[in-house]
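This report describes one protein chain for a reader who is new to structural analysis. Please keep the sequence and the structure in view while reading.

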Amino acid sequence: MNAFQRLFYGFPEPAPHKRSKPVEVLCLGLPRTGTESLSVALRTLGLQTYHGWDLVFEPDGSKLQLCTELVRRKYSGARDGDVHISNAEFDILIGDSQAVVDSLCILFAPQLVAAYPDAKVVLNLRPDMDAWYRSINKTIVDGVDKSWYTWFLQWFSGEFHWLYSLYLREGYPGIFHSRTTADGIQKNAKWVYRDHCNMVRGMVPKDNLLEWSVEDGWEPLCKFLDKPVPDTPFPRTNNPGAYSDRIDEYTKNRFNQCLRNMTLTAVTLGGITAVVVMWRQGRISGVMRLSDLLGRFTKLI
């Protein structure tokens, strides 16, 4: 599968990045715990913030491909029984961002803490576990994983293919300890949530950790980060409906590219099939020059 992906969907490796600003904040809560609101809040506080969706909207798929390979490195195992991801590799993904929220944090929490040991850690929580479970099931399982539309499109767009692989083939099954995203979330989500939070509490010293939810608002967050409290209400964004709208917008933007690639694929396969049929019928000699064969193929398509 890996060789197949690189052959048909591979992008050039992204260039290394030399960081000019330190990473100050890692927000290690699971998805659907106010990550979008938190990212807006951190930007309001003047921190250049990397949200998981920033990876999705990169101009090409090279960083999606790199992140997928890092996830595969972590969850598929290594010959030495360990996982090694350097801060230089993370820097390629997040650039000069001073705060990191959502996807990378849930996929690589221990590795990010090791890569950026001086960063403060926010453990963003959802107090109502059942509400969190309903939200993640609705947005990720029902809204994305069960969609035949997204499954179909990922075969005809390089960027969409790596996005699909990153989350639905590799990332969510790895996080939720299952072969598939749907099974992992529906069967394991609650105990994974508890274990993830306990892991973060065990990794980070108490004086460097803030357990926080959107309901807590500005005060504890600003005190923890030594920032003045803004005179604006705390942002409340990205409800389940908005999440689905963003997925729809992304797929629509990729639809024309997928349609063009699908058409080219169908025409090419049809042309090859026609040439093979003509050869089997004796209408093309086995010694025909390649230039003649290509000429006939061109006429067919």
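A residue is called buried when its relative accessible area is under 20%, exposed when it is over 50%, and partly exposed in between, with a 1.4 Å probe and protein chains only. The structure is a predicted model, in which local features need pLDDT of at least 70 and side-chain atom pairs count only at pLDDT 80 or more, while totals for chains, interfaces and linings use all residues. Residues are numbered from 1 along each chain as its sequence is written, and side-chain values use heavy atoms, with hydrogens and water left out.

**Overall architecture**

The protein chain contains 14 helices and five strands; these are DSSP runs numbered from the N terminus, with helices (H or I) of at least four residues and strands (E) of at least two. Of the 301 residues in the chain, 49% are buried. Among contacts (heavy atoms within 4.5 Å) between residues at least 6 apart in sequence, 76% join residues at least 24 apart. The accessible surface, which is obtained by the Shrake-Rupley method with a 1.4 Å probe, comes to about 15,500 Å², and 55% of that surface belongs to carbon and sulfur atoms.

**Aromatic rings**

A pair of aromatic rings is described by the distance of the centres and the angle of the planes. Rings of Phe, Tyr and Trp (its six-membered ring) pair if their centres lie within 6.5 Å; planes under 30 degrees apart count as stacked, over 60 as edge-to-face and the rest as tilted. The structure holds seven aromatic pairs. One of them is the tilted pair of W132 and Y193, with 4.7 Å from centre to centre and 55° between the planes. This pair links distant parts of the chain, since W132 belongs to helix α8 (residues 129–145) and Y193 to helix α11 (residues 181–203), 61 residues apart. Y172 and F176 also form a tilted pair, because their ring centres are 6.5 Å apart and their planes stand at 40°. The table gives the relative accessible area of these four residues, each of which counts as buried.

| Residue | Relative accessible area |
|---|---|
| W132 | 0% |
| Y193 | 6% |
| Y172 | 7% |
| F176 | 0% |

In addition, F90, F108 and Y116 form one aromatic cluster.

A charge sits over a ring if NZ of Lys or CZ of Arg is within 6 Å of the ring centre and within 35 degrees of the ring normal. The charged end of K120 is placed in this way over the ring of F224, 5.2 Å from its centre. Likewise, the charged end of K190 sits over the ring of Y133, 5.2 Å from its centre.

**Loop residues**

Which residues in loops deserve a closer look? R32, in the loop between β1 (25–27) and α2 (35–44), has a positive phi of about 70° although it is not a glycine. R32 is buried, with a relative accessible area of 9%. D226 lies in the loop between α12 (218–225) and α13 (240–280), and its phi is also positive, near 55°, in a residue other than glycine. D226 is exposed, at 63% relative accessible area.

D207 is found in the loop between α11 and β5 (209–212). With a relative accessible area of 71%, D207 is exposed. The C-alpha atoms of D207 and V121 are separated by 9.7 Å, although the two residues are 86 residues apart along the chain.
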